[in-house]
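Reader: I am new to this structure and would like a close look at a single part of it. Please take the sheet, and set it in the context of the whole chain.

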Amino acid sequence: QVQVVESGGGLVQGGGSLRLSCAASGSIVQINAMGWYRQAPGKQRELVVTISGSGTTNYADSVKGRFTISRDTAKNTVYLQMNSLKPEDTAVYYCNVRGWKVVGENLQGNFEVWGQGALVTVSS
């Protein structure tokens with residue numbers, strides 16, 4: 001199995017910064033993509049940013065220039081540095097990891113797992 005554990009989040013004033021972390025562990029063969037999504041109250045979950053296995057990033061327009069994704073491939077960990085936070089960034093942030101895992105002897109299968117969510121609250 002593959003597990004992910006998120007950390008970070010909290011309450012911050014507008015203009016402040018926060019950092020989220022997400023560590024994946026388990027029977028991982030290869031990670032193809034890691035990313036962050038968020039869900040604000042009463043809204044659908046939306047993409048924040050993803051990073052592919054080759055390092056290609058895809059940011060939502062609303063966070064470009066303010067948020068930065070980075071990763072430590074040796075630790076299967078991804079980070080989200082959030083600067084210049086706005087009240088509209090308030091949401092639960094979810095880590096998403098996709099890749100290949102061991103499913104049996106000499107057998108691999110794909111996986112997709114979500115973190116438990118980290119609440120980010122930005123006050124005005």
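Reader: To begin with, what percentage of the 124 residues in the chain is buried? After that, please go through the four-stranded open sheet strand by strand.

Author: The model is a predicted one. Buried residues make up 40% of the 124 residues in the chain.

Some context for the whole chain comes before the sheet. The chain has 11 strands and zero helices. A compact globule with 124 residues would have a radius of gyration near 14 Å, and the 15 Å of this chain agrees with that. Along the principal axes, the C-alpha atoms fill a box of roughly 55 × 25 × 25 Å. The chain exposes about 6700 Å², and carbon and sulfur atoms supply 46% of that area. Among contacts between residues at least 6 apart in sequence, 55% join residues at least 24 apart.

Now the sheet. Its four strands are arranged in the order E1-E3-E8-E7, the sheet is open, and the pairing is antiparallel. E1 and E7 (67-72) stand at the edges with a single partner strand each, so one side of each has no neighbour in the sheet. From one strand to the next, the twist averages 15°. Strands of a sheet pair through backbone hydrogen bonds, and the pairing can be parallel or antiparallel.

The pairs can be taken in order, starting from E1. Strand E1 covers residues 2-8 and strand E3 covers residues 18-26; seven bridges join them in the antiparallel sense. Within this pair, Ser 7 has Ser 21 of E3 as its bridge partner. On the next step across the sheet, E3 pairs with strand E8 (residues 77-82) over six bridges, again in the antiparallel sense. Here the bridge partner of Cys 22 is Val 78 in E8. The last step joins E8 to E7, with six bridges in the antiparallel sense. In that pair, Phe 67 is opposite Met 82 of E8.

Met 82 also leads from the sheet to the nonpolar core. The largest nonpolar core has 32 residues, and Met 82 is among the members that touch the most others, together with Trp 36, Leu 80, Tyr 93 and Val 97. Nonpolar side chains in soluble globular proteins tend to be buried together. Leaving aside residues up to four places away in sequence, Tyr 93 touches residues including Phe 67, Leu 80 and Met 82. Glu 6 and Leu 20 are also among the residues that Tyr 93 touches.

Two further residues show how other parts of the chain relate to these strands. Ile 28 lies in strand E4 (residues 28-39). Ile 28 and Gln 3 are 25 residues apart along the chain, and their C-alpha atoms are separated by 9.6 Å. Apart from residues up to four places away in sequence, Ile 28 touches Val 2, Asn 76, Trp 100, Lys 101 and Phe 111.

The second residue, Val 63, is in the loop between strand E6 (57-59) and E7. Val 63 counts as buried because its relative accessibility is 0%, while the cut-off for buried is under 20%. Val 63 and Asn 83 are 20 residues apart in sequence, with 9.3 Å between their C-alpha atoms. With residues up to four places away in sequence not counted, Val 63 touches Arg 38 and Val 48. Arg 38 and Val 48 are also among the residues that Tyr 93 touches.

How values were computed. Residues are numbered from 1 along each chain as its sequence is written. This is a predicted model: local features need pLDDT of at least 70, side-chain atom pairs count only at pLDDT 80 or more; totals for chains, interfaces and linings use all residues. Side-chain values use heavy atoms; hydrogens and water are left out. Two strands pair if DSSP finds at least two bridges between them. Helices (H or I, at least four residues) and strands (E, at least two) are DSSP runs, numbered from the N terminus. Axes are lines fitted to C-alpha atoms, for helices over the stretch in contact, and angles run from 0 to 180 degrees between N-to-C directions. A nonpolar core is a set of buried Ala, Val, Leu, Ile, Met, Phe, Trp, Tyr and Cys residues joined through side-chain atoms within 4.5 Å. Buried means under 20% relative accessible area, exposed over 50%, partly exposed in between (1.4 Å probe, protein chains only). Contact means heavy atoms within 4.5 Å. The radius of gyration is taken over C-alpha atoms; the globule rule is 2.2 Å times the number of residues to the power 0.38. Accessible areas come from the Shrake-Rupley method with a 1.4 Å probe; for residues, only the protein chains shown count as cover.
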